[in-house]
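Let's take a walk through this model together, one chain at a time. Please keep the sequence and the 3D view side by side as you read.

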Amino acid sequence: MITNFFEGMGAYVLLMTKVFRRPDRWRLFMRALVQEIRLLGLDSISIVVILSVFMGAVVTIQTAFQLSDDPLIPTYYIAMATRESITLEFSPTVVSLILAGKVGSNIASSLGTMRVSEQIDALEIMGVNSASFLILPKVAALVLFNPVLIILSLFLGLWGGAMAGDLLGLVPFQESIMGYRLEYIVFENAIYGLIKATAFAFIIGSVSAYSGYSVKGGAVEVGIASTNAVVRSCLAIILANYLLTDLILTS
Amino acid sequence: MIQAKGIVKSFGENHVLKGIDVDFIQGQTNLIIGRSGSGKTVFLKTILGLFEPDQGTIHYGDEVLGEMTKARRKTLRQEIGMVFQGGALFDSMTVAENIRFPLEMFAAMTEQEKDERVKFVMDRVRLEGAADKFPSEISGGMQKRVAIGRAISMNPKYLFCDEPNSGLDPETAIVIDQLIQELTHEFNMTTIVNTHDMNSVLEIGDHVIFMKEGHKVWEGTNSEVLGSTNADVEDYVFKSKLFKQVRQAFRK
C-alpha cells in the first residue's frame, strides 16, 4: 500500500511536469479554457448558490443556539462568529469539497473515457502533448474561477445567515450587518479564504485529471477512476486545509 | 518505406517479439495478420515508436527512429496518419472539426486553405453532408471514414490502421478496405494495416505478413496466400469452411 502510494505520487508529479508546458497553439488553448470555465465554473454556480445560502443560515442558527442563552453577549456577536466560520472555513473548504464531487468526477470520467476510447492515444500519435492539451485548460479554469465561486459563496453565505437570523427572530438584519463589519481584517478573512480556494482548485483539477488520465481498462475502470478522483481530491483538500491553516494563521 | 530490422520486445518475462525483419513497401497496403496474442499490436506500436524495441531498429526512409531527436520525432508524427480500431474520434467535436484538428494543430495554412483541405478530404472519403454531425450521430462505417479522413488530412507519408474493419458489416468493411487501398495508391503512402479479416487480406493485401508467437513466419501477396503451403498460414487462413471451399476452387 505504501509502495502504491509513492508510485502514485511519482506518476502524479511526472504527469504534472508534462501538463505545465507551453501550449502548442495558444488560440486552441484559450478556446478550451473558455469552454472549461463554462463547464467547470459557470455550471457550478447554481449548486454554490443553494449550498452557500443554506450553509450561512444553518451556521447562524447553530451559533445563535450556542450564544443566545447568555444575555451579556450582544446579538451582533452571533453574526460576527458566523462571518468568521463562513469566511475562514465553510466557504473555501466546504464549497471546494462539494465541487470536488461535482467537478472532480466530471474531469476524471471525461479523461478516463478519452483514454479507454483511444482518443488520448490519437493525440499522442499526432504529436500533441495530450496531458498539456487536455489537462492544463481544466486546471487553469478551476484556478481562475474557483476564487470567483468562493467570493460568491462568501456573500451568499453571509446573506443567508442574516436572512435566517432576521426571519427567525434571532438576530435583526441590521445587527447582522454590524456584526459582519466588526473587527474585520481583510487578510485574515477574505485573502486567507481566497488563497485556500486557489490551492483547493489546483488540487481538484490536477488530482482528478491524474485519476482519469491514468485509467487502464474499460467502462468499469472509468467508474472507479471517477470515484477515486473524488476521494483523493477530498483527502488532499482536507490535508492541504490543515497545512495552509497552520502555515498562514500561525506564521 | 519503413523497415523493421531484428525487432525484439519483451515485457518482463513475456517475450512478445522475437526478432522480426520486414520491409513495408511504399505505395502498397502492407497487411500484418496473425492470431490474437501473436504480437501484431505490439509490433505496430513499436513501429509507431510508442514502444522502444529491446533490440533492433525501425527505419523511416533513411532515418533510424531510435536515433531521431525529440524535435524530429515530433515532426515525424505529423507525417503519420493513424486509424484506430474504435475510430478514436474526438466526441466533443463535429465530423469537420475532427478532420480539421491536425490542421489546426500543425499546419501553416490560412483559414481558407484549411477549409479547402477539409472539404477536399471530406469529399475524398465520401462524407458529404456530414460536416456538422457529431460522431455519436453517424454510423460505424461513417465513423471509420472520418477516422481515415482525419488520418490523411495532413497528407501523411505513412498510414497505420489497427483493425479498421472491426465491428463493420461485410459490405461496409469492403468499402473501407477499398478506400484505404485507393488512398494508398493515390498518395503513394506506406500503409500498414493490422487485421484479422481474411476478406481484407484477399481484397487489399498488396503485401501480407503473417505473424505467429512473435515471429514473422510468412510473407507474400494476397494471391499467394491462397496458394501458400506454409502449414501455419494454411492453419490460420483455411479454418473456416468458406475459405476451404475457396482454396479447393483456387486449386482446381
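The paragraphs below go through chain A, the contact between the chains, and then the two sheets of chain B. One thing to keep in mind from the start is that this is a predicted model.

Chain A is a good place to begin. Its secondary structure consists of nine helices and zero strands, so that reading along the sequence gives the pattern α-α-α-α-α-α-α-α-α. If you lay a box along the principal axes, the C-alpha atoms of chain A fill roughly 70 × 40 × 35 Å. Of the 251 residues in chain A, 43% are buried. Look also at how the contacts are spread along the sequence: among those in chain A between residues at least 6 apart, 87% join residues at least 24 apart.

Now pick out one pair of helices in chain A. Two packed helices are described by the angle between their axes and the distance between the axes. For helix H4 (residues 76-116) and helix H7 (residues 173-181) of chain A, the axes come within 7 Å and cross at roughly 50°. H4(A) and H7(A) are therefore oblique to each other, and their crossing is right-handed. On the H4(A) side, the residues that meet H7(A) are A:Tyr76, A:Tyr77, A:Ile78, A:Ala79, A:Met80 and A:Arg83. Facing them from H7(A) are A:Glu175, A:Ser176, A:Met178, A:Gly179 and A:Tyr180. Sorted by class, this contact has seven nonpolar, two polar and two charged residues.

Follow the chain on to the loop between H4 and H5 of chain A, where you will find A:Glu118. This residue has a positive phi of about 65° although it is not a glycine. Is A:Glu118 buried or partly exposed? A:Glu118 has 19 C-beta neighbours inside 10 Å, and a residue needs 20 or more to be buried, so A:Glu118 counts as partly exposed.

Next, turn to the place where the chains meet. The contact takes twelve residues from chain A and 13 residues from chain B. Which helix gives the most to the side of chain A that touches chain B? That is helix H5 (residues 119-126) of chain A, with five residues. By class, this side of chain A has five nonpolar, three polar and four charged residues.

Chain B brings strands into the picture. One open sheet has four strands in the order S2-S1-S4-S5 (chain B), and their pairing is antiparallel. Strand S2 (14-24) and strand S5 (63-64) of chain B stand at the edges with a single partner strand each, so one side of each is left without a neighbour in the sheet. Inside this sheet, S1(B) and S4(B) run antiparallel and are joined by five bridges; B:Ile2 has B:Tyr60 in S4(B) as its bridge partner. B:Tyr60 also has a bridge partner in S5(B), namely B:Glu63. Strand S4 (residues 55-60) of chain B and S5(B) are joined by two bridges and run antiparallel. These two strands form a hairpin with two residues between them, and B:Gly61 in the turn has a positive phi of about 65°.

A helix lies against this sheet. H1(B) packs on it, touching strand S1 (2-11), S2 and S4 of chain B, and the direction of H1(B) makes about 120° with that of S1(B). The buried residues of helix H1 (residues 40-48) of chain B are B:Lys40, B:Val42, B:Phe43, B:Thr46, B:Ile47 and B:Leu48. Just after H1(B), B:Gly49 takes a positive phi of about 90°.

The other open sheet to visit has six strands in the order S6-S7-S8-S3-S9-S10 (chain B), with mixed pairing. Its edge strands are strand S6 (80-83) and strand S10 (215-220) of chain B, each pairing on one side only. On average, neighbouring strands here are turned by 20° against each other, direction ignored. Strand S7 (residues 158-162) and strand S8 (residues 190-194) of chain B pair in the parallel sense over five bridges, and B:Asp162 has B:Asn194 in S8(B) as its bridge partner. Helix H5 (residues 140-152) of chain B packs on this sheet, touching S6 and S7 of chain B, and its direction makes about 170° with that of S6(B).

Our last stop is the loop between H5 and S7 of chain B, the place of B:Asn155. B:Asn155 has a positive phi of about 55° although it is not a glycine. With 13 other C-beta atoms within 10 Å, B:Asn155 is partly exposed.

Terms used. Residues numbered from 1 in each chain as written. Chains lettered and ligands numbered in written order. Predicted model: local features only at pLDDT ≥ 70, side-chain atom pairs only at ≥ 80, totals over all residues. Axes fitted to C-alpha atoms, helices over the stretch in contact; angles between N-to-C directions. Parallel < 35°, antiparallel > 145°, perpendicular 65-115°, else oblique. Left-handed = near helix turned anticlockwise from the far one by under 90°. Contact = placed C-beta atoms within 7 Å. Nonpolar A, V, L, I, M, F, W, Y, C, P; charged D, E, K, R; others polar. Buried ≥ 20, exposed ≤ 12 C-beta atoms within 10 Å, placed from the backbone. Pairing = 2+ DSSP bridges.
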